[in-house]
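User: Please take me through this structure, and set each description against the rule that justifies it.

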Amino acid sequence: MNLYSGLLRPLAFRFDPEWVHERAMGAIERGLISVGVPEDPRLVTTVAGIKFPNPVGLAAGFDKNAVAVNQWHRLGFGFAELGTITPRPQPGNPRPRLFRLPEDKALINRMGFNNDGAEAIAARIESSFPKIPLGVNLGKNKDTEAADAASDYAKSFERLKDLGDYFVINVSSPNTPGLRSLQEKGPLLEIVDAMRAVHATKPIFIKVAPDLEFEAVDDVIEVVNARKLQGVIATNTTLDRTGLKGDPNQAGGLSGAPVRTKSNLILRHLRENCDPTTSLIGVGGIFTAADVIEKFRLGADLVQLYTGWIYGGPGLIPQMLTEIIVEMDRLGMKSVREFRTAS
Ligand SMILES: Cc1cc2nc3c(=O)[nH]c(=O)nc-3n(C[C@H](O)[C@H](O)[C@H](O)COP(=O)(O)O)c2cc1C
């Protein structure tokens, strides 16, 4: 029990989740929250040619509008993924659209890519001084026809290409109608080729849904191989509601503890079937250092979290990093990649 879990979280959880999120973002943006962050050369990880001070990142959706780019390193994150960003600004779905499931250590959201649009967000990143690598997660506007999706991704990429260290083709959010069908080979190749016409080498990752059959994951792998993309992010939120203790019966994507096993199965399938040079970012259901290490064992090069951070609070990342260092000491490891082969 700490200040967060004993006092602040119970208080915050009495209010509307999105309202609390906005207040918390305001405090983070103004630099009101910071923690001591453990540093260790063994946590430094190079992936897709990018050097990360540690391999634990903030997942997409938390800082959709890049308002706290200067702050995330002060909370311990080794990188932050901004967005999802669409070419034009859009309001997202009507509120309420974010729900807590405390009994299940989960959230359901149907935000629907609310964001300020590529131009405003690019200007904001341009006036920031990030101390950690930035991922930039791209999506399509709700009112863009599926057939025109590729040009949406290319347009945002054109404006943002120099402002991120890696880029993400998000084709896995459940809250934009038709988006997930872009995970199929044909549409995905169109998106990748439109982006590669804008910039030939910037690292690009594809973010996949946990609800894909392995055959569908294999199609994504084919695209990654065919176009020599840097990697895959596994996974986004799930539509599956199996096994929930307290289902609020709300439409949207489920995140947190209930998505962990599904995400891990996809991650393992990816590691077993991708080229060893393909980088994998594991996300879904991370609450503890053990959850992080499990993803490293399954083949993740980096990890990210969102829901676990809401439940764990600002002390979580330093605590995780400390525990990972202790475990590396115990096993005599020099890099987190060695977890993959450790018994
Ligand atoms: C409120 C909320 C908003 C999210 N928005 C996005 C988004 O805009 N783009 C995206 O790729 N993923 C988004 N995600 C998914 C997370 O990045 C992550 O993939 C997923 O929640 C699983 O990780 P977790 O269990 O640690 O939350 C969102 C998740 C939540 C809870």
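Analyst: Helices (H or I, at least four residues) and strands (E, at least two) are DSSP runs, and they are numbered from the N terminus. The model is a predicted one.

User: Where does that place Thr235, and what makes the peptide bond from Ala234 to Thr235 cis?

Analyst: Thr235 is in the loop between β10 (231–234) and β11. The bond that joins Ala234 to Thr235 has omega near 10°, and it is cis. The peptide bond from Gly83 to Thr84 is cis as well, with omega near 15°, and Thr84 is placed in strand β4. Most peptide bonds are trans.

User: How do you know whether Ala48 is buried or exposed, and what is notable about its phi?

Analyst: A residue is buried if 20 or more other C-beta atoms lie within 10 Å of its own; Ala48 has 21 C-beta neighbours inside 10 Å, and therefore counts as buried. Its phi is near 50°, a positive value in a residue other than glycine, and Ala48 is found in the loop between β1 (45–47) and β2 (50–52).

User: Why is Asn249 called exposed?

Analyst: The cut-off for exposed is 12 or fewer such atoms, and Asn249 is exposed because 8 other C-beta atoms lie within 10 Å. Asn249 also has a positive phi, of about 60°, although it is not a glycine, and it lies in the loop between β10 and β11. Most residues other than glycine have a negative phi.

User: Why is Val67 called partly exposed, and which residues does it touch?

Analyst: Val67 has 17 other C-beta atoms within 10 Å, which falls in between the cut-offs of 12 or fewer and 20 or more, so partly exposed is the term that applies. Val67 lies in the loop between β3 and β4, and, not counting residues up to four places away in sequence, it touches Met25, Glu29 and Arg124.

User: How do you know that the length of helix α2 agrees with what is expected?

Analyst: The expected span is 1.5 Å times one less than the number of residues; for the 13 residues of α2 (residues 17–29) this gives 18 Å, and because the end C-alpha atoms are 18 Å apart, the two agree. After α2 comes Gly31, with a positive phi near 75°.

User: What makes helix α4 largely enclosed?

Analyst: Nine of the twelve residues of α4 are buried, so the helix is largely enclosed by the rest of the structure. Among the buried residues are Asp152, Tyr153, Lys155 and Phe157, and what covers the buried residues includes β4, α3 (118–126), β7, β8 and α5. From its first C-alpha to its last, α4 reaches 17 Å, close to the 16 Å expected at 1.5 Å a residue.

User: How do you know that both faces of strand β8 are covered, and which strands pair with β8?

Analyst: In a regular strand the side chains alternate between the two faces of the sheet. On one side of β8 are Tyr166, Val168 and Asn170, on the other Phe167 and Ile169, and all are buried. Two strands pair if DSSP finds at least two bridges between them; four bridges join β7 (residues 134–138) to β8, in parallel, and four join β8 to β9 (residues 204–208), also in parallel. Gly135 has Tyr166 as its bridge partner, while Phe167 stands opposite Ile204. With helix α4, strands β7 and β8 make a right-handed β-α-β unit, and β8, helix α5 (residues 185–198) and β9 make another right-handed one.

User: What makes strand β13 a paired strand, and where do its residues point?

Analyst: Strand β3 (residues 56–58) pairs with β13 in the parallel sense over three bridges, and β12 (residues 279–283) pairs with β13 in the parallel sense over three bridges; in both cases the count satisfies the requirement of at least two. Leu305 is the partner of Leu58, and Val303 is the partner of Gly282. Leu302 and Gln304 point one way from β13 and Val303 and Leu305 the other way, and all are buried.

User: Which residues are closest to the ligand, and how does its shell divide?

Analyst: Of the 27 residues that surround the ligand, the closest are Ala59, Gly61, Ser255, Tyr306 and Thr307. The shell divides into ten nonpolar, 15 polar and two charged residues, with at least two residues supplied by each of β4 (79–85), β6 (106–109), β11 (253–256) and α9 (307–312).

Methods:
Residues numbered from 1 in each chain as written. Predicted model: local features only at pLDDT ≥ 70, side-chain atom pairs only at ≥ 80, totals over all residues. Near = placed C-beta within 6 Å. Nonpolar A, V, L, I, M, F, W, Y, C, P; charged D, E, K, R; others polar. Contact = placed C-beta atoms within 7 Å. Right-handed = clockwise from strand over helix to strand, strands pointing away.
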